[in-house]
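Visitor: I'm new to this structure and would like a close look at a single part of it. Could you take me there slowly?

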Amino acid sequence: MHDLHVAFNLEPMTTVRHPDFKKFKFRELKIYSSTEWLADNKKKYRQVFDRWETSYVYAELSFYNKFFDLEDWDVEVELRCYHIKKTRKELCILPFKRKVSKYDNIVYIREGWGNKADGIFWKKGTYSWEAHIEGEKVAAKYFYVEDGGQDALKTGNPYIQVSSFKLYEGPYDDVMEDERVYFKKFNGADTRYIYAELLLKNIHFDKLWQCELFVKFYNDARELKGQVTRLQKIERKDEYLKISAGWGSNVKGSWRKDKYTCELVFMDKLMATIPFEIGDIFEEGIPPVFLPDQHSPVFFNQVEDLNDTFEELMTHMDAMVGLTEIKQKVRDHARYIQFLQLRKDAGFEEKENINVHSVFIGNPGTGKTTVAKMMGRLYRKMGLLSRGHVHIVDRVDLVGEYIGQTAPKVKDAIERARGGVLFIDEAYALARSVDDSKDFGREVIEILMKEMSDGAGDIAVIVAGYPKEMAKFLGSNPGLKSRFRQHFEFSDYLPQELSQIAVQACTEKEVKLSADSKARLDEIIVNAYRDRDRSFGNARFVYDLIEKAKINLGLRIMDMTDPAKLDKETLETIQYQDVANIEFKINRELPLIPIDEDLLQESISELNRLIGLDKVREQIVEHVRLVRYYRETSRDVLNSFFLHTVLIGNPGTGKTTVARILTKIYKALGILERGHMVETDRQGLVAGFVGQTATKTAEKIDEAMGGILFIDEAYALTQKSNSGNDFGDEAIQTILKRMEDRRGQFFVFVAGYPDNMESFLKANPGLSSRFDKVLKFEDYSAHELLRIALQMLEEKGIVPSPEAEEHLTEYMKFLYNYRDKYFGNARTVRQLVIETIKNQNLRLASLTPDERENISSNVLNLEDVMDFKLDTSGFIFNKKGIGFRRGGD
């Protein structure tokens with residue numbers, strides 16, 4: 001929109017407008033057929049009409065008047081109607097020239113086309129209205145005419161029939177169907193969206209048609225709270241139509257305490273009404289549904305698949321691929337429960353209640369959720385649970401952000417799961433730290449334990465997660481292990497089992513694999529199985545493969561000439577190229593993090609404050625300039641540099657300190673997501689048994705994701721242990737693979753002594769090629785050692801006297817001249833400073849309070865440093881082989 005430029009002077013006001021200036025702004029194009037007026041100047045807007053109830057179909061064009069309150073003006077409008085078949089057939093062109101009043105903020109133009117007799121002009125088909133203003137097309141909208149039969153609507157609804165109408169609560173992005181809990185009363189304080197779940201039977205069967213539904217929410221005063229419209233294409237084979245439509249807000253509390261109704265409207269006719277209440281609590285259940293043609297309410301029972309016998313349920317479980325041990329353990333567990341029930345029936349007193357709480361251990365996609373659902377059904381069949389459903393939650397669903405929020409969330413989850421299974425995925429996240437009293441996850445555990453001990457019952461709690469983490473979780477509270485008696489370990493599927501799952505996935509997705517595509521798919525599965533880590537998706541991975549292959553099939557089909565004429569077999573058969581073209585390693589787009597100039601300057605300043613290290617500092621500053629240049633010119637930093645770094649130097653030369661500063665610099669440059677540094681060594685990476693090292697190393701790498709993995713004394717990984725086992729090489733192989741597979745997501749810094757690090761880099765051909773940056777840390781000079789000592793004393797608020805400083809200067813020269821490769825550099829200086837301060841404190845402690853008043857307590861005297869003698873007799877080892885050498889500073 002261009003501004004109106006108005007000049008004021010003594011002459012009459014003149015207005016200068018841009019030649020492209022428009023006097024209108026398009027607002028909306030709506031369609032209706034009924035001429036009945038509703039409140040607020042509205043009509044009964046629709047897009048689907050029945051032929052035998054339709055005479056005229058109208059278009060309502062509205063636009064904003066930009067000259068509102070300024071002046072009147074003329075507008076030319078054209079409404080065009082088309083019948084859409086293979087091509088567009090023009091039905092009418094309706095031109096208008098209207099006067100737009102300056103008093104009208106919104107302008108409405110309504111006109112229709114048809115015949116005054118119903119069913120004469122409009123036939124079944126697809127149509128559209130187009131609107132043009134001042135010669136410009138501003139909008140088009142489709143509408144549909146269906147044919148349910150000439151007299152069918154007089155006797156009932158010839159299109160759909162309500163089979164189920166239920167309500168549930170959830171967030172903006174809805175709730176998975178198997179996780180929905182249905183209510184007849186809602187807690188206003190905790191309710192976000194209220195969804196209507198509708199199951200409608202298609203009685204216009206064997207026809208292709210468009211279904212338009214209006215779901216409306218009213219309060220007790222019959223004020224419209226919200227409306228949702230669903231337009232859905234019904235295929236010939238669709239026996240049922242299931243939709244969900246919700247109204248509310250992601251912010252809890254938008255629903256006030258009141259009585260409400262949710263109403264379903266189809267083709268301007270009320271089909272069903274369901275009442276519900278907003279109050280202080282959630283109350284599960286399915287309210288009665290009121291149908292217009294029935295005097296009494298209808299109760300739609302929840303469709304259940306829980307009527308199988310025990311053996312039928314076990315047969316369903318046996319049909320699952322793999323999970324042999326799990327199946328047997330579930331069967332044994334269920335049969336033991338049956339045995340306990342028999343004993344109770346026979347009069348035996350069982351002092352403890354039957355325990356139905358379990359721990360599921362395993363990687364993703366190993367069937368944990370599926371088995372949990374099966375166990376819910378089993379427990380219901382045996383009378384241990386009233387409903388047998390599964391309510392799935394994780395830490396986010398249970399832990400509050402502030403004090404007082406956690407308990408209500410946990411209790412709400414428990415009540416939603418009541419009668420079934422509360423499945424807590426990644427339960428170990430509730431016990432992040434045993435020592436952290438501020439972690440609200442501990443509160444969740446305590447509430448769960450109380451519920452499992454003396455709660456209302458009718459609930460089974462299943463906690464799931466990775467093996468190591470779940471062991472820590474169970475050990476985080478002494479009472480947890482006693483609450484969870486059943487432990488089920490879900491192993492990764494074998495390649496042949498994953499191949500079977502692929503066949504099942506094809507059946508579900510209605511596709512078939514050709515022989516060569518099946519062979520290629522099996523190759524992919526075997527390779528993925530060999531390279532798997534604990535994040536391997538198992539069945540999820542296979543389902544994703546089939547989904548991608550199906551997409552490739554669809555893209556290939558649509559590239560063919562006239563795909564609509566292809567036979568069914570061609571449309572459903574996945575060929576070799578559809579599998580071969582699956583992209584596995586899609587380059588992960590790294591987050592675009594801007595350069596943090598403040599943090600960068602802070603880090604560079606910290607680097608500049610370090611004593612010595614001139615060459616290292618120069619290398620880092622040059623590297624920062626280069627990376628900044630690449631960032632500023634939008635070049636790919638991560639594919640231009642590995643940024644993995646070798647830090648070589650003797651002890652105490654600042655390797656770890658510089659590594660921490662370099663981590664901050666990379667974070668400031670936006671290269672690292674998190675910018676933390678995980679420090680470790682051989683002990684933190686290598687385990688004592690075959691196969692454990694890779695897992696231990698992978699866990700440490702996962703911890704470093706988004707930051708730096710700093711391996712001190714990295715050369716130890718290439719040194720064999722006393723037992724002769726070379727597990728360090730396994731750690732190196734794991735690190736190299738993850739450096740390549742997760743490129744740009746973390747960096748590795750390795751540090752160690754010069755001779756040893758050279759051997760380390762030569763031990764594996766892949767190491768030297770991965771580390772393209774080497775920082776060499778020279779020993780500090782005698783002068784630099786003195787500066788470090790003075791800096792450390794200054795940090796403690798102590799100033800040496802001239803005599804003491806002179807002695808320290810000579811002693812630093814002495815240390816430097818007689819240093820060997822084991823010399824500690826700054827570490828040695830730190831020990832010297834600690835000893836010096838101790839001597840000073842002992843000297844002051846030997847004085848009386850009156851004597852201490854006359855001397856300065858922050859001055860270091862000569863006698864405080866006289867213990868540091870300039871002779872080699874004080875060395876513990878004084879052998880030539882140690883490598884002492886003489887020389888100047």
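Which residues of strand β22 (residues 421-424) are buried on one side, and which on the other?

Guide: Happy to. Keep in mind that this is a predicted model. On one side of β22 you'll find Val421 and Phe423, and on the other Leu422 and Ile424. These four are buried, so both faces of the strand are covered.

Now look at what runs alongside. Strand β21 (residues 390-393) is joined to β22 by 4 bridges, and the two run parallel. If you want a spot to aim for, pick Val390: its bridge partner in β22 is Val421, one of the buried residues we just met. β22 is also joined to strand β23 (residues 460-465), again by 4 bridges and again in parallel. Here the residue to find is Ile424, which stands opposite Val463 in β23.

For contrast, let's visit some antiparallel pairing. One open sheet has 3 strands in the order β3-β5-β8, and the pairing there is antiparallel. Its edge strands are β3 and β8 (106-114), each of which pairs on one side only. From one strand to the next, the twist averages 20°. Strand β5 (residues 56-65) and β8 are joined by 9 bridges, and Leu61 stands opposite Ile109 in β8.

Another open sheet of 3 strands is ordered β11-β13-β16, with antiparallel pairing too. At its edges stand β11 (160-170) and β16 (240-248); each has a single partner strand, so one side of each has no neighbour in the sheet. The twist in this sheet averages 20° from one strand to the next. β11 pairs with strand β13 (residues 193-202) over 10 bridges, in the antiparallel sense. Find Tyr168 and you can hop across to Tyr195, its bridge partner in β13.

Since we've landed on tyrosines, let's turn to aromatic rings. Searching the whole structure turns up 38 aromatic pairs. Take Tyr32 and Tyr45: their ring centres are 6.2 Å apart and their planes sit at 80°, so this pair is edge-to-face. Tyr32 belongs to strand β3 (residues 24-32), while Tyr45 is in the loop between β3 and β4 (48-50), so to speak a link between distant parts of the chain, 13 residues apart. Tyr32 is buried, with a relative accessible area of 3%. Tyr45 has a relative accessible area of 19%, and because buried means under 20%, Tyr45 counts as buried as well.

A second pair, Tyr811 and Phe868, is tilted, at 5.4 Å centre to centre with 40° between the planes. This pair links distant parts of the chain as well: Tyr811 is in helix α24 (residues 802-817) and Phe868 is in the segment after β33 (859-860), 57 residues apart. Tyr811 is buried at a relative accessible area of 12%, and Phe868 counts as buried at 10% relative accessibility.

Rings can gather in groups, too. Phe183, Phe186, Phe217, Trp255, Tyr260, Phe276 and Phe282 form one aromatic cluster. Look at Phe282 again: the charged end of Arg416 sits over its ring, 4.9 Å from the centre. Elsewhere, Lys23 lies over the face of Phe67, 5.6 Å from the ring centre.

To finish, go back to where we began: β22 has β21 joined to it by 4 parallel bridges and β23 joined to it by 4 parallel bridges, with buried residues on both of its faces.

Technical notes:
Residues are numbered from 1 along each chain as its sequence is written. This is a predicted model: local features need pLDDT of at least 70, side-chain atom pairs count only at pLDDT 80 or more; totals for chains, interfaces and linings use all residues. Side-chain values use heavy atoms; hydrogens and water are left out. Two strands pair if DSSP finds at least two bridges between them. Axes are lines fitted to C-alpha atoms, for helices over the stretch in contact, and angles run from 0 to 180 degrees between N-to-C directions. Rings of Phe, Tyr and Trp (its six-membered ring) pair if their centres lie within 6.5 Å; planes under 30 degrees apart count as stacked, over 60 as edge-to-face and the rest as tilted. Buried means under 20% relative accessible area, exposed over 50%, partly exposed in between (1.4 Å probe, protein chains only). A charge sits over a ring if NZ of Lys or CZ of Arg is within 6 Å of the ring centre and within 35 degrees of the ring normal.
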